[in-house]
Amino acid sequence: MDTATAPRRQRRQRQPRRRGPRWERIGNGVYVPSGLDGDARWRAGLAAWAEVLPDSTVFTGLTAMRLRGLWLPPPPDDLPTFVAVHESSRRIRRPELRVSRHPQPPAAVLLDDLRVAPVAEAALACARDLGVLDLVVLLDSALHLKKCTLADLEDVATSGRPGSRRLSDALRWCDGRAESAWESLLRILHTACGVEVEPQVDLRDAHGVFIGRADLLVTGTRTLQEYDGAQHRERGQYRRDRGRDAALAKSGYVRHGWVASQVIHDSWLILRTATDALGRDLSVDDIRPWWGLLEASLFSKPGTASMRATWRLPDL
């Protein structure tokens, strides 16, 4: 069901849950079957929380984004579960939850028998806590996977509600053509520092024959900036990539492939290849906007520490 509002779920008949090898405690009076791990354990935990929370509770924020399979900034292992309730609901004080109270009943759709905030509402909830760079990853993903429209996001970004200003800032940077979170970061690294790039450009040789599609083309040059993920290390893919690289070089393109750690730690080197192609000098002042975005995000240690404090998580 994918509507602006969802009916209250039918409360399941609760089974007695006692301490023992069949159950694992995840909160006071909240249990999941033992033996689960990863995504299965996390989803079982949401179903368990839904049984003990008020019927009108809505899963929102990063919880809703993960349920929809969107790209996420790197969350801490002890990330809380994000829920929204109407302000008339009884107060919920659970260390495992981060609860937002709303003057109007929060909008919801049904997803896997759970009441979940629409993507735009969940993005607004994320914007109350996350940095702009984190939000761009989420927004790029939502647009690329067609989980919502740009108009949906603009509606909540102009609502004047908490988080709307930061969401508006993030919308200025987003682009649904990105095909991964790291492509999004690689694009923002360039644009934040004044280097214009074109995402997902079709490349052709002198005879008009299609060679391939580039993650990013530095505008006004034949320099390509691309993210090399794990799939590029697979043997078959590696052979195909080398053939593509040869065709690109023959047509005058210069390709640079970067891995995730380089996007975070070698931003100067990446940006230098772009400014060299443009015939421009690169100064520390040029790259400071990127450093500011990075340090306010979950992709950095300072940003993660700040977010942990916001979510009242223990220091690492």
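These legends accompany close-up views of a predicted model.

**Close-up 1. Four strands side by side in an open sheet.** Welcome to the sheet, where the strands run in the order S8-S9-S10-S11 with mixed pairing. At its edges are strand S8 (197-204) and strand S11 (254-258), each of which pairs on one side only. From one strand to the next, the twist averages 45 degrees.

**Close-up 2. Strands S10 and S11 as a parallel pair.** Here we look at strand S10 (residues 223-227), which is joined to S11 by five bridges in the parallel sense. A handy place to see the pairing is Tyr227, which stands opposite Trp258 of S11.

**Close-up 3. Helices H7 and H10 packed on the sheet.** Helix H7 (residues 181-192) touches S8, strand S9 (210-218), S10 and S11. The direction of H7 makes about 140 degrees with that of S10. Helix H10 (residues 267-278) also packs on the sheet, with contacts to S9, S10 and S11. For H10, the angle with the direction of S10 is about 160 degrees.

**Close-up 4. A salt bridge between Asp78 and Arg308.** The two side chains meet with an N to O distance of 2.7 Å. Asp78 sits in the loop between helix H2 (61-67) and strand S4 (81-86), while Arg308 belongs to helix H12 (residues 301-310), so this pair ties together parts that are 230 residues apart in sequence. Do take a look at the surroundings of each partner: Asp78 is partly exposed, with a relative accessible area of 33%, whereas Arg308 is buried at 4%.

**Close-up 5. A salt bridge between Arg213 and Asp202.** Back at the sheet, the closest N and O atoms of this pair are 2.9 Å apart. Arg213 lies in strand S9 and Asp202 in strand S8, so the salt bridge ties together parts that are eleven residues apart in sequence. Arg213 is partly exposed, at 43% relative accessible area, and Asp202 is partly exposed too, at 39%.

**Close-up 6. Asp175 and Arg177 joined by a salt bridge.** The side chains of Asp175 and Arg177 come together at 2.7 Å, N to O. Asp175 counts as buried because its relative accessibility is 16%, under the 20% cut-off. Arg177, in turn, is partly exposed at 43%.

**Close-up 7. A network of salt bridges.** Our last stop shows Asp39, Arg43, Arg66 and Asp112 linked together by salt bridges. In the whole structure, a search finds 15 salt bridges.

Note on methods
Residues numbered from 1 in each chain as written. Predicted model: local features only at pLDDT ≥ 70, side-chain atom pairs only at ≥ 80, totals over all residues. Heavy atoms only, no water. Pairing = 2+ DSSP bridges. Helix = DSSP H or I, 4+ residues; strand = E, 2+ residues; numbered from the N terminus. Axes fitted to C-alpha atoms, helices over the stretch in contact; angles between N-to-C directions. Contact = heavy atoms within 4.5 Å. Salt bridge = Lys/Arg side-chain N within 4 Å of Asp/Glu carboxyl O. Buried < 20%, exposed > 50% of the residue type's maximum accessible area, 1.4 Å probe, protein only.
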